[in-house]
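User: I am new to this structure and would like a close look at a single part, the surroundings of the ligand. Please take me through them carefully.

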Amino acid sequence: MRILLTGKNGQIGWELNRSLSTLGTIFATGRDQIDLSKPETLGSVIQEIKPDIIINAAAYTAVDKAESEPELAMTVNGIAPGMIAQEAKKIGAGMIHYSTDYVYDGKAKSPYKEEEPTCPLSVYGKSKLAGDQGVIQAGIPHIILRTGWVYSLRGSNFLITMQKLAQTKNQIKVVDDQTGSPTWSRVIAEGTARILEQCRSAKNSAIFSHSGIFNMSCSGETNWFGFATKILELSGLIKNTELISIPTIEYPTPAVRPRNSLLSNIKLKQTFHHEMPHWQDALQECLNSPPRPQKVHHALR
Ligand SMILES: NC(=O)c1ccc[n+]([C@@H]2O[C@H](COP(=O)([O-])OP(=O)(O)OC[C@H]3O[C@@H](n4cnc5c(N)ncnc54)[C@H](OP(=O)(O)O)[C@@H]3O)[C@@H](O)[C@H]2O)c1
């Protein structure tokens, strides 16, 4: 299986590049090889590599900055994924793409199921929803994995921010009225590998018979304050600083976040027999994990 991966240096892309390595030949690309802000350039790389599967882990993820760069966010997140899917169609390839809890308004009282109506509150959420729609409309075999609150030991994310703040600040204020389930990027990569493995063993028939959106987030629930508390406890930093819980209204941000970001994983479990770990177990494992080695990439040209 020839796998074309975009966003190889991102939280999820970096883990995918390692988790998928036994499943086929990976052509891992960064922004210098595939730039989603120039969708018109995607075709030549895709046609040259002729992958069986394209995994798009690249995205414009600066949620607050997107409010002041709506066109760039829409090009990268909203337009490019559909164009990738159109290129995939020309060569009979399938596509795996990542979506977000930010496509919802967060007003639901229970975890979101895939078929529930979307209503993004932010530019980022709107751009990601447009990308999902572009992939679906191309009519190719596709899996859209919807996740949220992603963290890892690299890049910029809530885990890294809390660890840094705990070493420099006496007090950290964290909001406690947004609910979600923190999800380690590695468990998303491993879940993706599990899905692809089933496709491979069924000669791609699984990906053809199960096209659609699937939620993929850790199980259990917490809020940002609860997540921060656990991070500092497990990192041995809880005595370094005082954590103070505050409501969202006291921490205004350019982009409005959903109050409820919980995603139901039932469809993922029923379809692919894949169970996501509890967020606390994944966090513990992440903090105990040794760094994964750098990878030598296949030359694209
Ligand atoms: N982070 C979250 O909490 C979260 C939640 C829900 C869903 N998701 C989704 O999960 C997927 C992966 O997210 P992530 O957390 O791994 O994001 P990330 O760590 O920010 O990585 C995004 C990657 O996209 C690349 N990228 C940005 N603009 C690009 C462009 N114009 N052309 C090509 N590559 C570009 C970045 O490249 P550089 O390394 O060069 O900057 C980076 O490698 C995305 O679809 C995201 O929307 C993320």
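Analyst: A polar contact is a pair of N or O atoms within 3.5 Å, and this cut-off is the one to keep in mind for what follows. The model is a predicted one, and in it a polar side-chain atom of Arg31 lies 2.9 Å from an oxygen atom of the ligand. Thr61 also places an N or O atom of its side chain 2.6 Å from an oxygen atom of the ligand, while for Asp35 the partner is a nitrogen atom of the ligand, 3.0 Å from an N or O atom in the side chain. Of the 900 Å² of accessible area that the ligand has on its own, the protein covers 82%.

Turning from these contacts to the shell as a whole, 24 residues surround the ligand, and the closest are Arg31, Leu36, Thr61, Tyr124 and Lys128. By character, the residues of this shell divide into 11 nonpolar, 10 polar and 3 charged. As for the elements they come from, helix H1 (11–19), strand E4 (94–100) and helix H4 (123–137) each supply at least two residues of the shell, and E4 gives the most, with 3 residues.

Definitions and conventions: Residues are numbered from 1 along each chain as its sequence is written. This is a predicted model: local features need pLDDT of at least 70, side-chain atom pairs count only at pLDDT 80 or more; totals for chains, interfaces and linings use all residues. Side-chain values use heavy atoms; hydrogens and water are left out. A residue is near a molecule or strand if one of its heavy atoms lies within 4 Å of it. A polar contact is a pair of N or O atoms within 3.5 Å; within protein, one must be able to donate a hydrogen and the other to accept it, and residues adjacent in sequence count only if both atoms are side-chain atoms. Accessible areas come from the Shrake-Rupley method with a 1.4 Å probe; for residues, only the protein chains shown count as cover. Helices (H or I, at least four residues) and strands (E, at least two) are DSSP runs, numbered from the N terminus. Ala, Val, Leu, Ile, Met, Phe, Trp, Tyr, Cys and Pro count as nonpolar, Asp, Glu, Lys and Arg as charged, and the others, Gly among them, as polar.
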